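Subject: Handover of a structure and the findings from it

Dear colleague,

Please find below the structure that I am handing over to you. I would be grateful if you kept it open while reading the notes that follow it.

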Amino acid sequence: MILKSISVENFRNIEYAELEFAPGVNILCGKNAQGKTNLLEAISICIGRSFRNIRRGDIIPFNFTDSLTKIKLEYVYESLPDKINTVLYEATRSEYSIQINGIGSKKASELYGDYKYVVFVPDNLNIIKGYPDGRRSYLDNIAIMQNKAHRTFLSEYNSALKQRCNAYFQGATPVLLEVWNDILIKQGINLTYGRLKYLEMICQYACEIYKELSGGEILRIAYKSNPFAAVFTENLNFENKAELYDAYKEKLLLADARGNLTSSADVPGAHKDDILFNIDGKDARTYASQGQLRSIAVSLKLAEAQIIRNFNRENPVVLLDEVLGELDEYRREFVLKQYDDSQCFITSCNVHDFEKLANMRVWSVDNGLFTPRQ
């Protein structure tokens, strides 16, 4: 997939912008808070979803309260370079619509995975040091990008967890709890299996990449399962599904028997699982330096791109927000070399960091205005 152009109206601080992209490297250069990240977000909304945690009304500029936000993205597939496709996103403070080639589409969130892309933002460092829910979401998003059934597993699991808690707190009979337990266990096993499957692939690439980035340090990544009270470095033996079911059920019933459940946080299950990062035998969350955290995050994102290439036989679109400028020259060149065959969009405060790149297109960004540079 190659993005050809974008037009943006009334999106955050961008009143109007129209850009034609290069098939290789595209650099948005300017001071902070000028609109570079906003343009990347406009792209991500059209090909998947915003990488920010937003309410829909937040994207409308405060001084255009009655205006329509409109983003039109044109793209081609590498196998059909002459056929121009369009995504049109329109939004007000209360509603939005999205069309693909003039045909109204499903929810924007359900488009996630239709277009293959990798996004790296500074907040990705929280994958390692942040809360477990962020690490679970990171792994779920990778799984959904490749297999939309994982979204169904996740949705049904969360719904069953909510219903089970409501039933428990309302004094439901064991028979009714058993109904929700059954769904919770089956989808919890599916979630765990899917997460482990893609974590194993991430490990395959990320650990080797990190070793090269760090000068020889050893990265280990493992999955900590709450319902199975175990740490996995490879996938579950799914042939023993009945055994997994019984172990999961036993833990749920034991929690019920204690009688001290006050919220979903007290219920055992896949919603309490975690990912562990270890550098040279030490817990990265506790001991990793800022540079090590950044190198882990970069390695994870490079591994994502490799999974997309292997599974989909195509290169992902790559969005890099204020990331490479904080790497030294060796690491910056190493990262860009890994994305050599992909179309990249990079935000930076210093365009000179990329002077060695050939065939790049550069824009100066100032207060929502995008000016092409020679």
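Leaving aside its neighbours within four places in sequence, which residues is Phe 277 in contact with? Please bear in mind that this is a predicted model. The contacts of Phe 277 include the nonpolar residues Ile 127, Ile 128, Leu 219, Ile 221, Ala 284, Ile 296 and Leu 300. Arg 135, Arg 220, Lys 282 and Asp 283, which count as charged, are also in contact with Phe 277.

**Nonpolar cores**

Phe 277 belongs to the largest nonpolar core, which has 73 residues. Together with Ile 221, Ile 296, Leu 300, Leu 324, Tyr 339 and Ile 346, Phe 277 is among the members that touch the most other members of this core. Helix 5, which covers residues 174–214, supplies the largest share of the core, with 15 residues. Another core lies apart from this one. That other core has 38 residues, among them Phe 21, Ala 42, Ile 43 and Leu 73.

**Aromatic pairs**

How many aromatic pairs does a search of the whole structure find? The search finds nine. In one of them, Phe 21 and Trp 363 meet edge-to-face, at 6.2 Å centre to centre and with 85 degrees between the planes. Phe 21 lies in the loop between strand 2 (14–20) and strand 3 (25–29), whereas Trp 363 lies in strand 15 (residues 360–366), so this pair ties together parts that are 342 residues apart in sequence. Both Phe 21 and Trp 363 are buried. An aromatic pair that is also edge-to-face is formed by Tyr 168 and Phe 169, with 5.5 Å centre to centre and 80 degrees between the planes. Phe 169 has a relative accessible area of 43% and is therefore partly exposed. Finally, ring pairs link Phe 21 and Trp 363 with Phe 345 into a cluster.

**The second largest pocket**

The second largest pocket holds about 220 Å³ of space. Its lining consists of 15 residues, and those closest to the centre of the pocket are Ser 137, Asp 140, Leu 154, Asn 158 and Arg 195. Which elements give two or more residues to this lining? They are helix 3 (132–146), helix 4 (149–169) and helix 5. Helix 3 provides the largest share, six residues. By type, the lining divides into four nonpolar, five polar and six charged residues.

Yours sincerely

Key:
Residues are numbered from 1 along each chain as its sequence is written. This is a predicted model: local features need pLDDT of at least 70, side-chain atom pairs count only at pLDDT 80 or more; totals for chains, interfaces and linings use all residues. Side-chain values use heavy atoms; hydrogens and water are left out. A nonpolar core is a set of buried Ala, Val, Leu, Ile, Met, Phe, Trp, Tyr and Cys residues joined through side-chain atoms within 4.5 Å. Buried means under 20% relative accessible area, exposed over 50%, partly exposed in between (1.4 Å probe, protein chains only). Helices (H or I, at least four residues) and strands (E, at least two) are DSSP runs, numbered from the N terminus. Contact means heavy atoms within 4.5 Å. On a 1 Å grid over the protein atoms alone, a cavity is a set of points where a 1.4 Å probe fits but cannot get out, and a pocket is an open set with protein on both sides within 12 Å along at least five of seven lines; lining residues have an atom within 4 Å of a point. Grid points are joined across faces, edges and corners, and a volume is the space filled by probe spheres set on the points. Rings of Phe, Tyr and Trp (its six-membered ring) pair if their centres lie within 6.5 Å; planes under 30 degrees apart count as stacked, over 60 as edge-to-face and the rest as tilted.
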